[in-house]
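Here are some short exercises to work through with the model open beside you. Try each task before reading its solution.

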Amino acid sequence: MNPLLNLLQPYPFEKLKQLFAGITPNPAYRAISLGIGEPKHPTPAFIQKALADNLDGLAAYPTTAGTEVLRATIAGWLERRYNLPKLDIATQILPVNGSREALFALAQTVIDPTREALVVCPNPLYQIYEGAAYLAGAQPYFVNCDPARNFAPDFASVTAEVWARVQLVYVCSPGNPAGAVLTLDDWAELFALSDRYGFVIAADECYSEIYFKAEAPLGGLEAAHKLGRTGYPRLIGFSSLSKRSNVPGMRSGFVAGDAEIMKKFLLYRTYHGSAMSPSVQSASIAAWNDEQHVIENREKYITKFRQVTPLLQEVLDVALPDAGFYLWAKVDKLVAISDIEFAQRLYAEYNVTVLPGSYLGREAHGINPGQNRVRMALVAEVDECLEAAQRIVEFTKKLALPSS
């Protein structure tokens with residue numbers, strides 16, 4: 001067996017299952033889960049129809065590069081969304097089976113494990129980054145997300161000695177779990193470091209279309225273009241239809257960027273068998289070509305967050321994020337309690353599931369930046385999210401009573 005598998009931690013939801021083992025939640029309340037970031041809004045009918053109308057694609061082997069029509073559609077979306085110059089669909093774009101598998105696979109492509117490689121990961125993090133580093137023969141290096149910087153990773157805290165060993169940097173913007181969006185200055189700092197030390201940047205942008213400000217979140221390719229970085233050197237952007245279009249089961253996304261890296265990535269993926277079903281490609285073309293359903297989806301999230309956030313602010317230290325569909329809340333505003341105890345008791349007493357923040361973080365530089373925080377995924381319809389928020393308020397106020 002591959003000994004590197006022994007380095008992998010249980011996924012956060014497995015830890016949550018163990019935390020709740022043996023607990024029977026209060027039967028007075030129906031179950032509401034804010035634990036898993038799985039979109040719950042209905043899949044648009046026109047995407048379902050595009051998939052159903054193209055089931056004859058199941059009779060053909062797909063190519064790893066996907067069809068020219070799909071790549072041209074993705075290029076068009078990128079150019080419109082980020083005001084980019086025309087992309088080369090032959091060398092700068094690849095369809096992928098959701099951003100998750102591609103984020104993992106990129107590390108296997110770009111890491112040279114003979115050089116004591118490091119992979120920089122934000123902390124808290126999407127655990128795929130850590131697993132990808134280990135299984136590529138590298139070590140993760142955790143950069144804590146700083147509340148004073150709107151939870152952006154503090155890249156300035158990394159020493160030159162560490163940067164010299166870094167081969168890959170994972171960036172999640174908008175971030176999971178705090179929803180922070182990197183600024184143009186943040187990107188300029190990261191690009192300068194990449195130029196100096198030669199590492200690749202993986203820009204995970206799967207939450208880019210759920211946002212709460214008038215201006216859409218800045219993307220990595222967009223930042224590179226604004227800063228005059230022709231050809232997107234050492235930069236690969238990742239996006240997905242899962243959150244944007246409510247099709248997590250379709251497993252459809254793309255990668256785009258540096259043509260030289262993409263050439264090697266295509267080679268890796270050809271051997272890995274990572275080709276998208278022709279039927280899914282057809283449905284993806286329909287989804288990327290339509291923005292109205294995305295606008296309507298975003299409005300649903302705006303409505304939820306604007307109603308739920310003020311309620312929770314009564315009892316938790318929480319703010320409206322830049323983007324994404326999570327609230328990242330500090331639980332000890334009214335009472336001293338850990339994130340783990342908060343989640344466990346909330347489940348037992350009010351049948352609401354939230355994810356302890358420490359399960360998403362790692363002990364690094366003396367702290368676990370997820371400690372005493374919980375992540376709440378507002379993915380259900382507004383009434384269910386409001387009911388969950390009301391239960392959390394009641395639960396937290398009860399905890400704060402002197403008799404408790």
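**Exercise 1: a loop proline**

Task: Is Pro 27 buried or exposed?

Solution. Pro 27 has a relative accessible area of 78%, and exposed means over 50%, buried under 20% and partly exposed in between (1.4 Å probe, protein chains only). Pro 27 is therefore exposed. Next, place Pro 27 in the chain: it sits in the loop between α1 and β1 (32-33). Helices (H or I, at least four residues) and strands (E, at least two) are DSSP runs, numbered from the N terminus. Finally, compare positions: Thr 67 lies 40 residues apart from Pro 27 along the chain, and their C-alpha atoms are separated by 52 Å.

A word on the source: this is a predicted model, where local features need pLDDT of at least 70, side-chain atom pairs count only at pLDDT 80 or more, and totals for chains, interfaces and linings use all residues. Residues are numbered from 1 along each chain as its sequence is written, and side-chain values use heavy atoms, with hydrogens and water left out.

**Exercise 2: the largest core**

Task: Find which residues touch the most other members of the largest nonpolar core.

Solution. Start from the term: a nonpolar core is a set of buried Ala, Val, Leu, Ile, Met, Phe, Trp, Tyr and Cys residues joined through side-chain atoms within 4.5 Å. The largest one has 52 residues, and those touching the most other members are Leu 34, Leu 312, Leu 316, Phe 342, Val 354, Met 376 and Ile 392. Now ask which elements contribute: α1, α12 (292-313), β10 (326-330), α13 (339-350), β13 (373-377) and α14 (382-400) each give two or more residues. The largest share, eight residues, comes from α14.

Then zoom in on Ile 392. Leaving aside neighbours within four places in sequence, Ile 392 is in contact (heavy atoms within 4.5 Å) with residues including Leu 34, Val 315, Leu 346 and Val 352.

**Exercise 3: a three-stranded sheet**

Task: In what order do the three strands of the open sheet lie?

Solution. The order is β10-β13-β12, with antiparallel pairing; two strands pair if DSSP finds at least two bridges between them. The edges are β10 and β12 (355-356), each pairing on one side only. Next, follow the bridges: β10 and β13 pair over five, with Ala 329 partnered by Val 374 of β13. β12 and β13 pair over two bridges, and Leu 355 has Arg 375 of β13 as its bridge partner. Last, consider cover: four of the five residues of β10 are buried, so β10 is largely enclosed by the rest of the structure.
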